[in-house]
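Me: Could you take a close look at the aromatic rings in this one for me? I'd like to hear what they pair with, where they sit and what surrounds them, in one connected account.

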Amino acid sequence: MGCVDEKPINITMPYLMDKVRDEPSAYLFLEKMRWQGRPFCPHCHGENVVYLNPLNGHSRLTRTGNTSQRRVWKCRDCVKQFSVLTGTIFHGSKIAVRTWIFVVFEMCTSKNGVAAREIERKYGITNKTAWHMLHRIREAMKNGGVDEMLGGPGHVIVADETFIGGSLKRMNAGTRRKAEAVQKVIPHGAKLGGPSWNKVAVLSLIDTTTGQVRSKVVADVTGATLRKAVAEQVHMESSILHTDEAKAYRAIGREFAAHETVNHAEDIYVRKLAGKIVTSNQAENFFSQLKRSLDGTHHHVSKKHLFRYLAEFDYRYSTRDESDTSRFVRLLGMVAGVRLSYRPLAAG
Ligand SMILES: [Zn+2]
């Protein structure tokens, strides 16, 4: 019984509802997507593995005496058992594998992300569970890009930073008075040596050649802090840097092959240099979409979890030219190696 056709498929919600009808078909679907016909042992990575048929043909007893429709494999090399969930973000979860697949699909296909409240209502699970599922999926999204550096010969890297959070409208009166007092000293939106009160500084780096973006929460926007964050993510010496005229980038720019700036203070966002366009508009667009979504979908994002939302937006932006199917299948390939249990997650 194959659950996915051999020809290229276009995965949509109706397709999933048809192919992923129950737990066994959910397992088969994940096996097909993750293993691509070559099952391997997650413990020793050997391919000498065999499927263990349940004694009654369809389900097996768990240690607690319940029946499970889990598809179990055995490795002939290390003699350990495993399933397609072993070592992934789905491992050890009480949520149906079928539900996981649907929620991952929603995360990969909705432009502004999905809210935990929405998943709670749609799938009849608690808010805490929904919140935890979404964060695990974000963790897989984060896992996808960390090893890959941006930049390279001829690549243009746009770097820009923004401040997130601390909207006066949403604060209670006491917090607002404090915030307003600080903002009298620190003009709103001004570029400072550190984020203004109650806001978090975020640095985004966009490789305009590949379309990849990496965002990072930074402690402040001084040259030293930004330099460290840029160096971690970019092959600086071979790439060209585009920024606004913030002083913090001057020293960093000298480590790049070239550094071009646009003067935002004079309302110049695009300029031509030797026939080439210099702009940091890509970053402006990325930030405006990020903020719209954080405001509209997620309402309140705490500072300590912001990096996971950034990973989600980076993933979606970096794969924006791909089809939904491709973005979804790519993520299913990234779910291994990440396991987040509720306790450390909630504790930050
Ligand atoms: Zn093994």
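**Rings and their surroundings**

Reply: Happy to. Let's start with a charge: the charged end of Arg 138 sits over the ring of Tyr 309, 4.0 Å from the ring centre. Please keep in mind throughout that this is a predicted model. Arg 71 offers another case, with its charged end over the ring of Tyr 51 at 4.1 Å from the centre. Tyr 51 will come back below, as a member of a ring cluster.

Now for rings against rings. With ring centres within 6.5 Å as the cut-off for a pair, the count is nine aromatic pairs. One of them joins Phe 29 and Phe 328, which are stacked, with 6.3 Å from centre to centre and 25 degrees between the planes. Phe 29 belongs to helix α2 (residues 23-35) and Phe 328 to helix α11 (residues 324-332), so this pair ties together parts of the chain that are 299 residues apart in sequence. What is the relative accessibility of Phe 29? For Phe 29 the value is 0%, so the residue counts as buried. Phe 328 is buried too, with a relative accessible area of 0%.

Another pair brings in the tryptophans. Trp 35 and Trp 73 meet edge-to-face, with centres 5.4 Å apart and 90 degrees between the planes. This pair also links distant parts of the chain, since Trp 35 is in helix α2 and Trp 73 is in strand β4 (residues 73-75), 38 residues away. Trp 35 and Trp 73 are buried.

Helix α2 has a further residue to show you around Phe 328. Met 33 is found in helix α2, and its relative accessibility of 6% makes it count as buried. Although 295 residues separate Met 33 from Phe 328 in sequence, their C-alpha atoms are 9.8 Å apart in space.

Which residues make up the cluster linked by ring pairs? Its members are Trp 35, Phe 40, Tyr 51, Trp 73 and Phe 82. Here the sheet helps to place several of the rings. Strands β1, β4 and β5 form an open sheet in the order β1-β4-β5, and the pairing is antiparallel. At its edges stand β1 (49-51) and β5 (81-82); each has a single partner strand, so one side of each is left without a neighbour in the sheet. The antiparallel pairing of β4 with β5 runs over two bridges, and across it Trp 73 stands opposite Phe 82 of β5. Trp 73 therefore has Trp 35 as its edge-to-face partner and Phe 82 across from it in the sheet.

An aromatic residue also turns up in another strand, β6. Which residues of β6 are buried on each side? On one side they are Val 156, Val 158, Asp 160, Thr 162 and Ile 164, and on the other Ile 157, Ala 159, Glu 161 and Phe 163. With nine of its nine residues buried, β6 (residues 156-164) is largely enclosed by the rest of the structure. Its partners include strand β9 (residues 240-244), which runs parallel to β6 and is joined to it by three bridges; there Ile 157 stands opposite Leu 241. Strand β7 (residues 200-207) pairs with β6 in the antiparallel sense over eight bridges, with Asp 160 opposite Ser 204.

From β7 you can follow the pairing onward. Seven bridges connect β7 to strand β8 (residues 212-218), again antiparallel, and Asp 207 stands opposite Gln 212. β7 and β8 form a hairpin with four residues between them, and Gly 211 in the turn has a positive phi of about 80 degrees.

To set the rings against the whole protein: there are 12 helices and 12 strands, and 46% of the 348 residues are buried. Of the contacts with a separation of 6 or more, 64% are between residues 24 or more positions apart.

One last note, on confidence. The mean pLDDT is 83, and 79% of the residues reach 70 or more. Helix α3 (residues 97-109) has the highest mean among the elements, at 96, and helix α12 (residues 342-347) the lowest, at 56. Over residues 185-195 the pLDDT stays under 50, and the model has 21 contacts beyond four places in sequence for that stretch.

Definitions and conventions. Residues numbered from 1 in each chain as written. Predicted model: local features only at pLDDT ≥ 70, side-chain atom pairs only at ≥ 80, totals over all residues. Heavy atoms only, no water. Phe/Tyr/Trp six-rings, centres within 6.5 Å; stacked < 30°, edge-to-face > 60°. Buried < 20%, exposed > 50% of the residue type's maximum accessible area, 1.4 Å probe, protein only. Lys NZ or Arg CZ within 6 Å of the ring centre and 35° of its normal. Contact = heavy atoms within 4.5 Å. pLDDT = per-residue confidence, 0-100. Pairing = 2+ DSSP bridges.
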